[in-house]
Amino acid sequence: MKLVFPNGEHGQVLLSPGINRIGASSDCAVMLNLPGIVDHHCEIHVTSTGANLQIPKVGGGPVQVNNKPVTDLMSLRAGDQILFAGVLARYAIVEAARSAPLAISGSDEDSGATRVRQAIPKFMLRGVSGAVFSKVFPVASPVVIGRAPECDISVPADEISRRHALVKPTPDGLSVEDLGSSNGTYINGKRVQQGFLGPGDELRLDAVRFILVAPGVEPMAQPASAPIAPSASGAGGSAGKWAAIMLIVAAMAIIATLLLTK
């Protein structure tokens, strides 16, 4: 991932994983000592799944992405045009060189290289209603959910605000913040402005519902059912039934004998 400055205010900048500060201060990863640029103008957070541009709550400067002002947090996509005050930059993806495919183990072309297993995100939101039903969304970095196409999770539903809620991964789950939505953000049925979502909890944005799942975490084992006792219709029940029939036949025989001897 990199920033390209087509007007030459700065050379191309490769963005590092983590926080990349942009501003006039010398401690910034991208130093733009130009009119209109403040010390810590904004930040670009780079994760394994993408990048998000964020304006610091204190001391940030004006930023536009594709001519839209950024007020808090916005995800970046390849080709986005970013305007830092009067400085134009383009966000681009650096394609990693593809290695030759590994040969099947045991063949003559086996290189002996170890295959790398792709890391599974720690948390994922699984849609359980409406436009997101049966869809799964990994959450490895701050994610904005809303109706707008530029949101990280874009939900084409009229009841969802353009920027409805922000979720951020924590060691134990997701922090949830309502972004001033019209119809509210709910955790397990309770409306919240800010809250915590743990594995198995429900996140509801008006009528659109998600469940937080943690891949690799085994579900709680169900208790083993107690063995079912043999029913009266089993072998023991059959013996009891025949005994009852024999008693009835004997009683009828006694009654018949008494009637005949009168």
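Two strands pair if DSSP finds at least two bridges between them. The exercises below apply this to a predicted model.

**Exercise 1.** Determine which way strands β1 and β2 run relative to one another, and find the partner of Leu-3.

Solution. Start with strand β1, residues 2-4, which is joined to β2 by two bridges. That count meets the cut-off of at least two bridges. The two strands run antiparallel. Within β2, Val-13 is the bridge partner of Leu-3.

**Exercise 2.** Place β1 and β2 in their sheet and identify the edge strands.

Solution. The sheet is open and has six strands, in the order β2-β1-β11-β10-β7-β8, with antiparallel pairing. Its edges are β2 (13-14) and β8 (68-69); each has a single partner strand, so one side of each lacks a neighbour in the sheet.

**Exercise 3.** Repeat the analysis for the sheet that contains β14 and β15.

Solution. This open sheet has five strands in the order β15-β14-β16-β17-β20, and its pairing is mixed. Here β15 (153-154) and β20 (194-197) stand at the edges, each with a single partner strand, so one side of each has no neighbour in the sheet. Strand β14, residues 143-146, is joined to β15 by two bridges, and the two run parallel. Ile-145 has Ile-153 as its bridge partner in β15.

**Exercise 4.** Describe the protein as a whole by secondary structure, burial and contacts.

Solution. Count the elements: one helix and 22 strands. Next, burial: 34% of the 262 residues count as buried. Finally, among contacts with a separation of 6 or more, 38% are between residues 24 or more positions apart.

How values were computed. Residues are numbered from 1 along each chain as its sequence is written. This is a predicted model: local features need pLDDT of at least 70, side-chain atom pairs count only at pLDDT 80 or more; totals for chains, interfaces and linings use all residues. Side-chain values use heavy atoms; hydrogens and water are left out. Helices (H or I, at least four residues) and strands (E, at least two) are DSSP runs, numbered from the N terminus. Buried means under 20% relative accessible area, exposed over 50%, partly exposed in between (1.4 Å probe, protein chains only). Contact means heavy atoms within 4.5 Å.
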